[in-house]
Amino acid sequence: MSAPNILILMVDQLNGTLFPDGPAEWLHAPNLKRLAARSARFANCYTASPLCAPGRGAFMSGQLPSVTGIYDNAAEFPSDLPTYAHHLRRAGYQTCLSGKMHFVGPDQLHGFEERLTTDIYPADFGWTPDYRKPGERIDWWYHNMGSVTGAGVAETSNQMEYDDEVAYHAVRKLREYGRRLDPRPWCLTVSFTHPHDPYVARRKYWDLYEGCDHLDPPVPAMEYEEHDPHSQRIFDANNWREFEITDEDIRRSRRAYFANISYLDDKIGEILDTLEATEQEAIILFVSDHGDMLGERGLWFKMSFFESSSRVPMMICAPGVTPGLVTDPVSNIDVCPTLCDLAGLSMEEVAPWTQGESVVPFANGTRRESAVALEYAAEASYAPLVALVKGGWKYTACALDPEQLFHLEKDPHELVNRAEDPAAAEVLATFRAEADARWDLARFDADVRKSQARRWVVYEALREGGYYPWDFQPLQRASERFMRNHMDLNEVEERARYPRGVQPEP
């Protein structure tokens, strides 16, 4: 049996609560709904870390930030850390990335044989937080509420320009695969930056949500003093005091966000249609790196363990994976072992250090016994935060903050902290013991501080004198494209056409 092709569709900052069983009914997302109908749909999938680079490092490697060292959006992705791209390429796959993966450091491939676009964010250490300076805002790259007050309609934006290019190159690559000139199986990762803020959308998608019933957050804004300490730190990091957020700002931001889900749906539809038109079969994985609070409680963006920030959609369409709804918690840290499982590859050599699990058994009826773990040690934190999800409960701990314990089944909006409730004392003790066994928070904190301090020295040094950033430059082999004089024109035209030969009229 030949190895299966694999198509990974990744999006950025997509709130998993909008995917209770595939896309919510009211979302205009026909292509994602079409994919959902033939997929295992993981309603309770969590990010390993609610921020781009650490979440993606965990997604690719199957390991948490405390192991990878990818703590924040300027932490280096180690070159010796195996990813699903390494595992698949080692087994003979063509591995290709079109779009964002937020690799930091000089290695900008991490197992991908080919990369079709540059990244949308910088690859150096310039976005490093600093635990030595709690409360400091680094204005030129920290989020602020301008994404909310500036929400609305635009024909193009930095984000749209990027994702238009990502989709174009992905479609072109699928057509190239469709010519069957390379006999190897392929794994194509297509990674979009939408619906990540800024909350700006094209008119055709904006108009789809005229009169939408979901423009107000399900949990209204709270006063600053009503928030837990970490949420207060997020408010401060986002510079909320400098902005006046109106109800109309909130509705426009959410409307643009929903519109950009529909924009993505069109792009994904182009890719799925190309796969079908070129008569190729592939395992299809749809996933996000983290969610977006979207104004719930007054919070925006990510950086939080609350459901809208930490829960992400995940759907898998593959032979041997039963379509249907899976409610047991899983994580995007499970992606790497899942892909290896589906491709029939052993991870035995690195298994002792891999924390993710294949989700194939859970899709086929096996119940998950282990807890899902989350970590956060980036901007808006002054010490690492950790969380565990299991049995309908979520537990959060940080050396600086009171513990939190939420019963997600009874309290899906996490409004009642049960950590001091005597009726939940046994549940709390069980989670606390598991967290203590899993994490040494003092050592975690020391490791983060060491990493940050080292990176600040290196970054400031490399910005003096000649500046040579690590941003990926896509390679275009112009002398091997289209028609050149070392080629036979007849052969070029024949090889480039698929299907080959004269086709009958339909």
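## Exercises on helices, pockets and backbone

**Exercise 1.** Work out whether the span of H6 agrees or disagrees with what 1.5 Å a residue would give.

Solution. H6 has 21 residues and should span 30 Å at 1.5 Å a residue, since the expected span of a helix is 1.5 Å times one less than its number of residues. The end C-alpha atoms of H6 are 31 Å apart, which agrees with that expectation. The helix label itself comes from DSSP, where runs of H or I with at least four residues are helices, runs of E with at least two are strands, and both are numbered from the N terminus. After H6 comes Arg180, whose phi is positive, near 60 degrees.

The model is predicted, so that local features need pLDDT of at least 70 and side-chain atom pairs count only at pLDDT 80 or more, whereas totals for chains, interfaces and linings use all residues. Residues are numbered from 1 along each chain as its sequence is written, and side-chain values use heavy atoms, with hydrogens and water left out.

**Exercise 2.** Determine which side of H14 is buried, and which elements its buried residues pack against.

Solution. Begin with the length: H14 has 22 residues and reaches 31 Å from its first C-alpha to its last, close to the 32 Å expected at 1.5 Å a residue. Next, list the buried residues (under 20% relative accessible area; exposed is over 50% and partly exposed lies in between, with a 1.4 Å probe and protein chains only). In H14 these are Phe444, Asp445, Val448, Ser451, Gln452, Arg455, Trp456 and Tyr459. They lie on the same side of H14 because they cover an arc of only 135 degrees around the axis, the arc being that of the directions from the helix axis to the C-beta atoms. On the face turned away from this buried side, H14 carries the exposed residues Ala442, Arg443, Arg454 and Val457. The buried residues of H14 pack against helix H3 (65–68), strand S14 (372–376) and strand S15 (385–390).

As a last step, take one of these residues alone: Tyr459 counts as buried because its relative accessibility is 13%. Not counting residues up to four places away in sequence, Tyr459 touches Asp124, Phe125, Gly126 and Trp140, where contact means heavy atoms within 4.5 Å.

**Exercise 3.** Describe the largest pocket and the largest cavity by volume and by lining.

Solution. Fix the terms before the values. On a 1 Å grid over the protein atoms alone, a cavity is a set of points where a 1.4 Å probe fits but cannot get out, a pocket is an open set with protein on both sides within 12 Å along at least five of seven lines, and lining residues have an atom within 4 Å of a point.

The largest pocket holds about 1,400 Å³ of space. Its lining has 35 residues, with Arg172, Lys173, Glu176, Glu480 and Arg481 nearest the centre. Strand S4 (94–99), strand S5 (114–115), helix H6 (158–178) and helix H15 (489–496) are the elements that give two or more residues to this lining, and H6 supplies the largest share, six residues. By residue class, the lining of the pocket divides into 13 nonpolar, four polar and 18 charged residues.

Turning to enclosed space, the count is one cavity of 30 Å³ or more, and the largest cavity has a volume of about 150 Å³. Of its 16 lining residues, Lys133, Gly135, Glu136, Tyr142 and Tyr382 are closest to the centre. Eight of the residues that line the largest cavity are nonpolar, two are polar and six are charged.

**Exercise 4.** Locate the cis peptide bonds at Pro195 and Pro198, and the positive phi values of Leu294 and Met303.

Solution. A cis peptide bond with omega of about 0 degrees joins His194 to Pro195, which is placed in strand S7 (residues 186–195). The bond from Asp197 to Pro198 is also cis, with omega near 10 degrees, and Pro198 sits in the loop between S7 and strand S8 (200–201).

Leu294, although not a glycine, has a positive phi of about 55 degrees and lies in the loop between strand S9 (283–288) and helix H10 (307–310). Met303 lies in the loop between S9 and H10, and its phi is near 75 degrees. Leu294 is buried at 1% relative accessible area, and Met303 counts as buried at 2%.

**Exercise 5.** State whether Gln13 is buried or exposed, and name residues that are in contact with Gln13.

Solution. Gln13 is found in the loop between strand S1 (6–12) and helix H1 (30–37), and is buried, with a relative accessible area of 0%. Leaving aside neighbours within four places in sequence, its contacts include Pro195, His196, Asp197, Tyr199, Asp292 and Lys302.

Terms used. Points joined across faces, edges and corners; volume = space filled by probe spheres on them. Nonpolar A, V, L, I, M, F, W, Y, C, P; charged D, E, K, R; others polar.
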